[in-house]
Structure formats: structure tokens, C-alpha cells
Amino acid sequence: MRKIESGRDCRKIIKEAADLIRSGELVAFPTETVYGLGADANNPAAARKIYAAKGRPSDNPLIVHIADIADFAHVASKIPKEAEMLAKAFWPGPLTMILEKGDKVPDQTTGGLGTVAVRMPDHPAALAFIRECGCPVAAPSANASGRPSPTLAVHVKEDLDGRIPFILDGGEVGIGIESTILDLTEDVPVILRPGFITKEMIERVIGQVRTDPGMNADDPAARPKAPGMKYRHYAPKADLTVVRGNREAVVEKINQLTREMQAKGKFAGVIGTDETAGEYCGDLVLSIGSREDEDTIARRLYRILREFDEAGADVIYSESFQTPRMGQAIMNRLLKAAGYRTIAV
Ligand code: TXA
Ligand code: MG
């Protein structure tokens with residue numbers, strides 16, 4: 001694990017990491033959303049190594065990261081004008097676009113699909129690293145398959161130590177949940193995964209878009225279009241339940257459930273907020289931040305889930321966070337982590 005700060009040393013470390021990518025190896029690197037596990041996107045054997053290191057099903061395609069808008073043309077075969085407009089508006093940034101795949105991108109990178117997911121991350125070290133690699137970099141989130149995405153380099157180490165040769169440590173990420181995925185291969189573009197870039201922000205640039213009905217469903221028949229969205233994801237080891245309702249009722253219900261679990265000798269964790277954390281009787285109560293501060297809630301979500309694992313929690317109860325901008329993305333991840341176990345009070 002190598003820390004990257006500014007200056008010459010940083011350039012040397014990035015070069016070392018890029019050399020590994022060029023020789024077909026894997027490197028974990030920071031982005032503005034979560035840490036990614038990178039490989040040369042044009043090298044099928046390197047892409048295969050990603051699946052092996054993560055324990056990821058091979059039908060789950062990877063996102064290809066580029067460092068310049070001009071590189072779009074190297075990975076996608078057709079670039080509609082909407083894609084150009086969105087790239088101009090949001091890149092570098094947390095928007096992934098699905099387009100028809102270019103010839104150079106092998107099936108191993110796209111899970112056999114004829115389409116490719118592309119994004120340009122908004123992180124100076126990520127951009128410097130990709131440029132130094134001299135190739136597009138395929139990268140899923142750098143967690144073991146099924147675990148919460150890494151928001152710190154140490155999370156990558158926890159999951160992948162001994163399986164990958166290099167982790168670029170850029171400190172804590174800024175956003176904390178993965179990019180918004182927009183499929184531009186349909187007549188009306190479709191959001192396959194919600195993120196920091198919202199439907200409204202996209203519609204302001206290209207007009208009407210849809211949301212994939214399978215995105216938030218627990219029903220396997222609803223089949224989400226992003227293959228990765230069908231797996232139980234983002235899961236902590238403990239059983240997580242989300243309790244919805246008004247503030248007082250939620251606190252009362254969580255305390256009642258906590259006492260029941262404690263009576264059975266279970267270790268019960270609670271995810272509260274700065275405003276409510278003092279009111280809970282859990283064995284470990286963690287505040288995710290102020291209810292008014294959704295940026296902090298998003299950034300801390302995965303980290304908090306890992307903290308409960310480390311503490312050995314058997315069960316976790318969480319408030320729900322219907323925040324104005326990122327609420328949909330936050331709840332999408334939280335509900336997946338909970339396997340859609342919710343209680344309304
Ligand atoms: O913020 C992010 O997007 C992070 C950072 C590292 O860039 N990456 C990330 O990758 O979240 P991953 O692999 O954890 O999630 C990629 C998602 C999966 O659900 C996958 O199925 C979907 O994107 N995906 C990739 N290519 C696709 C395609 N051609 N069509 C539909 N879905 C695709
Ligand atoms: Mg992931």
C-alpha cells in the first residue's frame with residue numbers, strides 16, 4: 001500500500017503502479033466515488049484477473065475508466081450527441097455511460113455484452129494514473145464480491161490483501177457511493193444505478209430519461225439491466241434491518257428490537273444520526289452524520305457497515321435517510337445491504 005500525496009514522490013509511485021498495469025497486473029486506486037480495482041481494459045487476461053481477485057461472477061461487466069474525453073472514441077463504437085453533451089457537463093465526474101462497445105475492448109471486460117460502460121473519474125491521482133498507463137483502465141469497486149465498496153485504502157487491504165500487488169492510497173474518497181450509471185443504448189436513456197448525479201441533473205442536459213424498474217426491486221422477475229445490480233451487494237456480515245417512520249417512532253422501535261436481541265445474548269448495532277445517536281441503547285451506536293448533511297451520510301455509509309463487522313455485530317438496525325438529492329442513491333445501497341429487510345412504524 002503506497003500513500004500518494006503531492007510532489008515528485010507521488011509521480012514515481014504512480015509510474016510504478018502504471019508499469020504494473022502495462023504488464024497485465026492489477027492495481028487498486030482511489031476515485032472520487034469509491035476505490036477501484038484496475039486492469040488494462042484491452043487485455044483479456046488482465047480483466048480475468050479482476051474477476052478472480054474479487055470472486056466476482058464473470059457475467060458482471062466492468063466499468064472502463066478514461067482520463068480524456070477524446071479517449072471515448074477508443075472504447076465506444078458509436079457516440080451519440082447526448083453522450084457528448086453529458087461528458088461535457090459531468091466529466092470528469094461520477095457518471096458512467098453505457099454505449100455500443102468498440103472493437104478493441106474484449107468480451108472479458110464487458111462480461112460478453114456488446115455494450116461498454118465508460119467513465120472519467122474526478123480524482124487527480126486517478127487521472128494521472130490512467131494517463132500514465134496509456135490505456136483505458138477497467139475497474140470495478142475494489143472490494144471482495146458482496147462486501148461494502150471501499151472508501152479507504154485500508155478497506156481494500158482488508159478484502160484483497162495478498163491477492164493484488166499494489167494499492168494506491170489516496171486517503172478517504174469524497175463521495176462514498178458508486179457512480180450513476182446511464183444506459184444510452186435505448187431510445188430513451190435509462191438510469192441503471194442511482195448516484196451523485198441525479199435524474200434531474202441529467203434531464204437538464206439531455207431531456208427526459210427513465211429509471212430502470214428493476215433497479216430497486218427485490219423481485220428477481222424485475223431483472224435489473226445492469227448485471228451487477230441483481231446480486232446481493234454491499235452487504236455487512238451482520239443482519240441489517242432498516243426502520244422507516246417518523247423520528248420518535250423509529251427510535252422507540254429500534255430500542256425495542258435492540259433490547260429483544262440483547263436479551264438473546266446478541267450484539268446489536270445501531271446506525272443513527274448526530275441528532276438521535278444519544279437516544280439509542282445499542283451495544284454499538286454509530287452516527288452516520290447530521291440528518292441535514294447528506295454528503296456525509298453518503299461518504300460514511302460503507303465505512304460504518306464495515307465498522308460493525310469489525311466490532312462483531314450480530315444485527316444492525318438503521319434509520320432510513322430520505323434526503324433531497326442523494327436520498328435515492330443512499331437508500332438504494334442501504335436497502336441492498338439489508339437484503340431489503342425493512343420495518344415501517
Ligand atoms: O463509481 C464507480 O462506478 C466505481 C468506481 C471504481 O469507478 N466502480 C464501480 O464498479 O462501481 P462496479 O463493477 O462495482 O459496478 C459496475 C456496475 C455493475 O452493476 C455492472 O453490472 C454495471 O456497472 N455494468 C458495467 N458494464 C455494463 C454494461 N455494459 N451494461 C450494463 N451494466 C453494466
Ligand atoms: Mg461494486
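**Reading helix packing, a pocket and two backbone points**

User: How close do the axes of helix H4 (residues 81-90) and helix H8 (residues 199-206) come, and at what angle do they cross?

Analyst: Read a helix pair by axis distance and crossing angle. In this predicted model, the axes of H4 and H8 come within 9 Å. They cross at roughly 120°.

User: Which word describes how H4 and H8 lie to each other?

Analyst: Turn the angle into a class. Angles from 65 to 115 degrees count as roughly perpendicular, and those over 145 as roughly antiparallel. The crossing of H4 and H8 is at roughly 120°, so the two helices are oblique to each other.

User: Is the crossing of H4 and H8 left-handed or right-handed?

Analyst: Handedness is a separate label. For H4 and H8 the crossing is right-handed.

User: Which residues of H4 meet which residues of H8?

Analyst: List both sides of the contact. H4 brings Glu82, Met85, Leu86, Ala89 and Phe90. H8 answers with Met201, Ile202, Val205 and Ile206. Then sort by class: 8 nonpolar, no polar and 1 charged.

User: Now helix H7 (residues 153-160) and helix H10 (residues 294-311). At what angle do they pack, and how far apart are their axes?

Analyst: Use the distance and angle again. H7 and H10 pack at about 50°, and their axes are 12 Å apart. The angle makes H7 oblique to H10. H7 passes H10 in a left-handed crossing.

User: Which residues make the contact of H7 with H10?

Analyst: From H7 come His155, Glu158 and Asp159. From H10 come Arg303, Arg306 and Glu310. The contact of H7 with H10 divides into no nonpolar, 1 polar and 5 charged residues.

User: H10 also packs with H11. At what angle, and with what axis separation?

Analyst: H10 and H11 pack at about 15°, with axes 10 Å apart. An angle under 35 degrees counts as roughly parallel, so H10 is roughly parallel to H11. H10 passes H11 in a left-handed crossing.

User: Which residues of H10 and H11 make the contact?

Analyst: H10 supplies Glu294, Ile297, Ala298, Leu301, Tyr302 and Leu305. H11 supplies Gly327, Ile330, Arg333, Leu334 and Ala337. The classes of the contact of H10 with H11 are 8 nonpolar, 1 polar and 2 charged.

User: On to pockets. What volume does the largest pocket have?

Analyst: Start with volume, then the lining. The volume of the largest pocket is about 640 Å³. It is lined by 44 residues, and Arg56, Asn60, Pro61, Ile63 and Ile181 are the closest to its centre.

User: Which elements give two or more residues to that lining?

Analyst: Map the lining onto secondary structure. The elements are strand S4 (63-65), strand S6 (115-119), strand S9 (180-183) and strand S10 (190-193). S6 gives the largest share, 4 residues.

User: How do the residues of the lining of the largest pocket divide?

Analyst: Sort them as for the helix contacts. The lining has 19 nonpolar, 16 polar and 9 charged residues.

User: Last, the backbone. Is the peptide bond from Trp91 to Pro92 cis or trans?

Analyst: Read omega. From Trp91 to Pro92 omega is near -10°, and the bond is cis. Pro92 sits in the loop between H4 and strand S5 (95-100).

User: What is phi of Tyr340, and where does Tyr340 lie?

Analyst: Check the sign of phi, then the residue type. Tyr340 has phi near 65°, a positive value in a residue other than glycine. Tyr340 is in the loop between helix H11 (327-337) and strand S16 (342-344).

How values were computed:
Residues are numbered from 1 along each chain as its sequence is written. Chains are lettered from A and ligands numbered from 1 in the order in which they are written. This is a predicted model: local features need pLDDT of at least 70, side-chain atom pairs count only at pLDDT 80 or more; totals for chains, interfaces and linings use all residues. Side-chain values use heavy atoms; hydrogens and water are left out. On a 1 Å grid over the protein atoms alone, a cavity is a set of points where a 1.4 Å probe fits but cannot get out, and a pocket is an open set with protein on both sides within 12 Å along at least five of seven lines; lining residues have an atom within 4 Å of a point. Grid points are joined across faces, edges and corners, and a volume is the space filled by probe spheres set on the points. Ala, Val, Leu, Ile, Met, Phe, Trp, Tyr, Cys and Pro count as nonpolar, Asp, Glu, Lys and Arg as charged, and the others, Gly among them, as polar. Axes are lines fitted to C-alpha atoms, for helices over the stretch in contact, and angles run from 0 to 180 degrees between N-to-C directions. A crossing is left-handed if the near helix is turned anticlockwise from the far one by less than a right angle, and right-handed if clockwise. Contact means heavy atoms within 4.5 Å.
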